[in-house]
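Colleague: I should like to understand how the descriptive words used for a model are justified. May I put some questions to you about the one before us?

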Amino acid sequence: MNKKINLNDDLILDGAMGTLVMERENPKAGFPPELFNIEKPELILNIHKDYVKAGADCVNTNTFGANSYKLKNYKEVINKGIELALNSGAKYVAFDIGPSGKLFGQDGFDFEECYNCFKDIILAGQDKTDFIYFETFTDLRELRTAIIAAKENSSLPVVVSMSFSENGRTPFGTDADSFVYTALSAGADAVGANCSVGADKMLTIAKKLTELTDKPVFIKANAGMPFIKDGKTVYDTDSETFSKQNAKIKKAGVNAIGGCCGTNPEYIEKIKEETKDIVPEKRKCKKISAVCSSSKTVYIDGDMKIIGERINPTGKKKFKEALISKDYDYAASCGIVQERDGAHILDVNVGLNGIDEKAAMGEVMDRLFRVSELPLQIDSSDEKVIEFALRNYCGKAIVNSVNASDESLNKILPLVKKYNSAVIGLTLDEKGIPESAEGRKKLAEKIINKCQKFGIDKNDIIIDVLTLSEASAKGSAKITIDALKKVKKLKVKTVLGISNISFGMPARENINAAFLDMAKKAGLDFAIINPTLLKIIPTKEAFDFLNAKDGAVQNYIERFSDVKNIAAEEIKTDLKTAIITGQKDLAEKEAGLLSKELSSVQIVEKFIIPALDEVGANYEKGRFFLPQLIASAEAAKSAFSAVEEKSGTSSDKNKRFVLATVKGDIHDIGKNIVKSVTANYGFTVIDLGRDVDYDVVLKAVEDNYPCVLGLSALMTTTVNNMEKTIKLVKAKFDIPVLVGGAVLTKEYAEKIGGIYCSDANDTVKKLKDIFK
Amino acid sequence: MIFTSAQELEKILGKKEDFLNDFSKEINDSLELKKSVKKFSLIFCDERIELQGTDITFLGNAIREHLKNCTHCYIFLATLGDKIDRLSDKLQLVDLSKAYILDTAANEIIERYCDEISNEIEKEELSKGNKVTLRFSPGYADLPLETQRQIIKVLGGEKMGVYLSDTLIMKPFKSVSAIIGVGKKAIKGSRDYCAVCKNNKSCDKRICK
């Protein structure tokens, strides 16, 4: 190390380590090459020296897989690896860190565990190198966590590089855009790509990266694609071709190039020679405004973007019940539906008295990561929840919100800056909401000034000039639209919650749609709405009302006060048919209509249960197939939720069925089918999820005693855990345990103390018998 | 043809429905097929079979029976990718019936993909005058499931996005690892593995009982 590195300099990086060790030493397949730092240090030192001789300005330490999950003695391996690289005579040394090898998320490790894994690695490196080089990552969540660990435990610059497949995404679905915005917002100093493809295909990715950022870009391509020749893996691109391809990469604006799998010092020598006179093209990337998840970037480009507001318990009985019973899937399904209906971003609010909001936020975010691509807007009034969510969120989020009071700004803005998220600023302060458009603009200016003092980019500031009920104060809509136009001139982004406008009026969606249209024409960047609103075409009466025309309120109320009649004429089929034919939406509509006339018990007894019984009978006779049975169950579920939306849960609290996929098993489709079908028969199903620990099952049985337990296992290896769970439960509670799963037989189920259920329908029958 | 079709989904559902056309397209668009295939020499030792140049060892009688007369074997890893799992996660929350159809279709697809890989291997070996065995996977009879660990490591599972849970479940779910024996006199047919399986006295979970 002879001088501080400037990552913007033109740099020649080194080539492969792993494949070169294979070539020179031919160890057993799967043997960790990092162990040679200790077993054969001269082998590694010579490779480094050969790369330096070939012209590499920088060598990577041989520490790619040196972590606590892969190597027991990883700290020693790291120390030795760094020492060897420092002794190679290279101008610069990069501390090379690869993925942990453990899966991130529900079935693997969480943020803290992942963070600690990389923290240990980084501390072991003791900042002896010129920079940290995270490379060959495919899971952006893991990479982002690693960046945060590096930034908080080291003062070195951090270069991050992912492996993209030919389709431009990593195996976990991350594209270049989301990678760049996420990595940079987490604090990376340079971005790049390596491995997976040859230098010809890498050119596309490299170009894309240079368009996305003006930060340094590091590229290390493979020597083409691997194939087997005489039992050995070889790569199909020679050093001559490879260097010509790299010349194009450098020309495109990439300042640091080297090689990955299949390359050797000859490749690096050729690259050096071929690219020495090439001046990278000047970058043309524009300052943009964008938010992203790990797989999707939303550009704020002038077209109004929809923020889905449905993940929020306010005023929603079912949502509240779901949060209290820790049914986070409910919130996640609200996300899926909004994405389908056209939302671009999802607002996530799980604030409810009496629940652990932080834990709920984590659970809901985790589920949304699996089932929705949309970027998230973190909506909480608790700064601890905001901080937790920002730290854990893989992407660039929006914080909802700060207001113009000093207390709010000073508390939240440092978090916004630390995680480089976007932020919504509400134009209200200790004194309330200014009545005039000018007053709201002044507060917007205060927020913008404060944001800039904290170093928050103007592109990341979103001002909400607030929507008030037009019925409560005539002229409110006009003031809001005026304020919106004024704030637009401040060159920040704008957002409005829409639905407040219609408070106190009938046929609210009509007014909401009209207001949305007005705000859009005034240049609104984001609308927080229920995306189904997009389907509604507002009427003239609504516009007149919002424009505060004389007599408009009266006209509107006369025309729309009896909205029930409008909806009623649409539907004539009956609920039973809708359930039997598995028509979800129709069943929901039908039940909704019926619930205006009948009690929830009547609907269940007269329509839903008879329909389900008929479906069950058809299934047993082989007339219906399993997917049809499930579709009917789902249609019934929609009918239930329409009923429950008004009256709360309709299931029998005395018939409790605790359901879990056993410890170690993560297959849960079977369990979910059982859950869906049994819940419709009025049983209260407590779903503990998958991979459920023994004590969690015990606790749930204790909490719900007396109850029936249902366990599912799909693997021969996890059937043993089923047996263990039953033993533990039966030792304390005398309750029936229903069991099912692909590898179970009736005999085996009985042997381990369970009651065998062949499928969901069979489970219903057994439950009916038990609860008789 | 590895991909699914509306006709295939129709068979799973049990009736014709309009949405199956779009759904088959959605499934096919979510496929990210990846494979890794390697060939090794076999070393038959007393209690185990080793794969030369690796740490992989095969234990149990069934695999020994399967690889009888073989000199080499292929190991391979195939996956449909994470996107299909995500689609399944999503459908399980909003449309369980479709989730079930997807699950069944995906099982068929991964099987066909494995058939394709097996056929390529067989073609290659036949041209050299060799014969091949059928596929055999860790967890069959008395070949321990733990064998997965080494196989996935040697085949570079991580780079393909294939991980193993602590309880040896592969993620993405629709992933398969398999062994195919090669030799001049390799036996392709299936045989009574239960007869030789070490667990045949204690096994009460499986068909061989």
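Modeller: Certainly. Let us begin with chain B, in which 44% of the 209 residues are buried. Please bear in mind that this is a predicted model.

Colleague: What makes chain B agree with a compact globule?

Modeller: The radius of gyration of chain B is 19 Å, and a compact globule with 209 residues would have a value near 17 Å, so the two agree. The C-alpha trace of chain B spans about 55 × 45 × 30 Å along its principal axes. Chain B contains 8 helices and 8 strands. Among its contacts with a separation of 6 or more, 74% join residues 24 or more positions apart.

Colleague: Why is B:Gln150 called partly exposed?

Modeller: B:Gln150 has 19 other C-beta atoms within 10 Å. A buried residue needs 20 or more, and an exposed one has 12 or fewer. The value of 19 falls in between, and B:Gln150 is therefore partly exposed.

Colleague: Where does B:Gln150 lie, and which residues is it in contact with, leaving aside neighbours within four places in sequence?

Modeller: B:Gln150 belongs to helix α6 (residues 147–154) of chain B. Its contacts, with those neighbours left aside, are A:Gly30, B:Asp55 and B:Ile56. B:Asp55 is 95 residues away from B:Gln150 in sequence, but their C-alpha atoms are 6.9 Å apart in space.

Colleague: How many residues of chain A and of chain B are in contact with each other?

Modeller: On chain A there are 45 such residues, and on chain B there are 41. Several helices of chain A each supply at least two residues to its side, including α12 (328–340), α13 (357–371) and α25 (626–647). The greatest contribution is that of α25(A), with 6 residues. By class, this side of chain A has 22 nonpolar, 15 polar and 8 charged residues.

Colleague: Let us turn to chain A as a whole. How do you know that chain A is as compact as a globular protein of that length?

Modeller: Chain A is made up of 30 helices and 25 strands. Its radius of gyration is 30 Å, and the globule rule gives 28 Å for 772 residues; the two are close, so chain A is as compact as a globular protein of that length. Its C-alpha trace spans about 85 × 75 × 45 Å along the principal axes. Of its 772 residues, 55% are buried. Residues 24 or more positions apart account for 76% of the contacts in chain A with a separation of 6 or more.

Colleague: Why is A:Asp301 called exposed?

Modeller: A:Asp301 has 10 other C-beta atoms within 10 Å. The cut-off for an exposed residue is 12 or fewer, so A:Asp301 is exposed. A:Asp301 is found in the loop between β12 (297–299) and β13 (305–311) of chain A. Its C-alpha atom is separated by 8.2 Å from that of A:Ile288, 13 residues apart along the chain.

Colleague: Why are α3(A) and α10(A) called roughly parallel?

Modeller: The axes of α3 (residues 41–54) and α10 (residues 265–275) of chain A cross at roughly 20° and come within 8 Å. Angles under 35 degrees count as roughly parallel, and α3(A) and α10(A) are therefore described in that way. The crossing is right-handed. A:Asp50, A:Tyr51, A:Lys53 and A:Ala54 in α3(A) meet A:Pro265, A:Ile268, A:Glu269 and A:Lys272 in α10(A). By class, this contact has 4 nonpolar, no polar and 4 charged residues.

Colleague: What makes α5(A) and α6(A) oblique to each other?

Modeller: Helix α5 (residues 111–125) and helix α6 (residues 140–153) of chain A cross at roughly 50°, and their axes come within 8 Å. An angle under 35 degrees would be roughly parallel, and one of 65 to 115 roughly perpendicular. The angle of roughly 50° fits neither class, and α5(A) and α6(A) are therefore oblique to each other. Their crossing is right-handed. The residues that make the contact include A:Phe111 and A:Phe118 of α5(A), and A:Ala146 and A:Ile148 of α6(A). The contact divides into 10 nonpolar, 2 polar and 2 charged residues.

Note on methods: Residues are numbered from 1 along each chain as its sequence is written. Chains are lettered from A and ligands numbered from 1 in the order in which they are written. This is a predicted model: local features need pLDDT of at least 70, side-chain atom pairs count only at pLDDT 80 or more; totals for chains, interfaces and linings use all residues. Two residues are in contact if their C-beta atoms, placed from the backbone, lie within 7 Å. Ala, Val, Leu, Ile, Met, Phe, Trp, Tyr, Cys and Pro count as nonpolar, Asp, Glu, Lys and Arg as charged, and the others, Gly among them, as polar. Axes are lines fitted to C-alpha atoms, for helices over the stretch in contact, and angles run from 0 to 180 degrees between N-to-C directions. Angles under 35 degrees count as roughly parallel, over 145 as roughly antiparallel, 65 to 115 as roughly perpendicular and the rest as oblique. A crossing is left-handed if the near helix is turned anticlockwise from the far one by less than a right angle, and right-handed if clockwise. The radius of gyration is taken over C-alpha atoms; the globule rule is 2.2 Å times the number of residues to the power 0.38.
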